[in-house]
Amino acid sequence: MEITGEVARVELKTEIKADIEKELGALGLAPLTWAETLEVVKGKLPKPEWETFSRLHRNFTGYRSETTLERFYGFVFTHGLHLDVNAYRFRRLTAILTDLLPQLTPDLSILDVGAGSGIIASLIQKRSSPRTLVVQDACRAVRDELTAQGFSVLPHPPPPIGPASFDVLLCIDSLGEINADDDGLLAKPDAVEASELPLLLEQRYGFAHKLDAWRGYLAPGGRILLWEPFAYQNAMESLAILLGDEGWHVRFQAPAPGRNFLELKPKQP
């Protein structure tokens with residue numbers, strides 16, 4: 001029986017997913033819950049440092065800003081806990097990489113914005129053969145770790161005009177984290193009218209403003225691939241509407257139920 005194109009694509013993605021899970025495991029990640037992750041971290045730290053970790057984490061989750069981000073992730077990276085802390089993201093990283101890697105043909109120039117521990121960049125480097133791969137992060141300790149891993153690291157704050165032109169910019173869980181959903185509004189499926197959600201997203205996260213800063217880094221014909229872990233079910237569709245009104249050609253992609261991302265290209269003046 002001849003395998004249809006759709007079946008072949010499903011089988012290929014299943015194979016890619018299995019390979020990614022193995023590679024994440026080889027990097028030291030395991031599919032843990034956040035509670036299990038905290039137990040691992042607690043077991044590695046003396047009591048005073050565990051208390052410091054807990055305080056910094058409470059501050060970061062209670063009021064997300066560049067300062068609380070810098071302090072929390074600075075502690076995590078200087079204490080060598082970045083792979084442990086990323087363990088709870090194992091399944092999300094697997095899903096993102098399963099959808100991302102087929103998007104990246106060889107010989108692209110790629111900028112990873114908010115690269116964190118470099119897990120995604122490492123797999124891109126290994127599997128996609130980019131012409132150039134540059135990473136960026138707002139946290140100094142993270143940039144030090146990425147430099148130690150051998151990546152080319154963009155300074156922070158990045159220059160206002162791109163030092164190079166990139167075919168692809170990756171914004172993976174990196175633009176919305178600065179501002180928390182303090183009142184839990186976006187976690188309530190029926191709390192916001194669909195027509196009001198685009199403006200609410202911009203007020204809380206400033207996606208259009210943040211993306212404007214990266215527009216000059218794109219080569220002609222370049223694109224941004226954007227993931228955000230929204231709990232609110234209509235958030236990505238609403239973000240697509242918002243960015244379409246803010247000078248971007250937007251393509252909403254949903255490779256599987258519950259998995260979606262945006263492809264953005266600047267509109268020409």
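Which residues of α7 are buried? In this predicted model, the buried residues of α7 are Ile119, Ile120, Ala121, Leu123, Ile124 and Ser128. Helix α7 covers residues 119–128, and just after this helix serine 129 takes a positive phi of about 50°.

Helix α7 belongs to a right-handed β-α-β unit, in which it is joined by β1 and β2. Strand β1 comprises residues 109–113, and its pairing with β2 is parallel, over five bridges. Within this pairing, leucine 111 has valine 134 of β2 as its bridge partner. Strand β2 itself runs over residues 132–136 and is mostly covered, with four of its five residues buried.

Strand β2 also pairs with β3, a strand made of residues 152–153; this pairing is parallel as well and rests on two bridges. Valine 134 takes part here too, with serine 152 as its bridge partner in β3. Between β2 and β3 the chain passes through helix α8, residues 140–148, and this β-α-β crossover is right-handed. Valine 134 of β2 is thus a bridge partner of leucine 111 and also of serine 152 in β3.

The second largest pocket was examined next. Its volume is about 240 Å³. The lining of this pocket consists of 17 residues, and those that lie nearest the centre are Arg92, Glu228, Gly258, Arg259 and Asn260. Three elements give two or more residues to the lining, namely α6 (90–100), α11 (235–244) and β7 (259–266). The most is given by α6, with four residues. By class, nine of the lining residues are nonpolar, three are polar and five are charged.

Strand β7, one of the elements that line this pocket, also holds glutamate 263. Is this glutamate buried or exposed? Glutamate 263 counts as buried because its relative accessibility is 9%, and the cut-off for a buried residue is under 20%. The side chain of glutamate 263 makes a polar contact with the side chain of arginine 223, at 2.8 Å.

Definitions and conventions: Residues are numbered from 1 along each chain as its sequence is written. This is a predicted model: local features need pLDDT of at least 70, side-chain atom pairs count only at pLDDT 80 or more; totals for chains, interfaces and linings use all residues. Side-chain values use heavy atoms; hydrogens and water are left out. On a 1 Å grid over the protein atoms alone, a cavity is a set of points where a 1.4 Å probe fits but cannot get out, and a pocket is an open set with protein on both sides within 12 Å along at least five of seven lines; lining residues have an atom within 4 Å of a point. Grid points are joined across faces, edges and corners, and a volume is the space filled by probe spheres set on the points. Ala, Val, Leu, Ile, Met, Phe, Trp, Tyr, Cys and Pro count as nonpolar, Asp, Glu, Lys and Arg as charged, and the others, Gly among them, as polar. Buried means under 20% relative accessible area, exposed over 50%, partly exposed in between (1.4 Å probe, protein chains only). Two strands pair if DSSP finds at least two bridges between them. A crossover is right-handed if, with the strands pointing away from the viewer, the path from the first strand over the helix to the second runs clockwise. A polar contact is a pair of N or O atoms within 3.5 Å; within protein, one must be able to donate a hydrogen and the other to accept it, and residues adjacent in sequence count only if both atoms are side-chain atoms.
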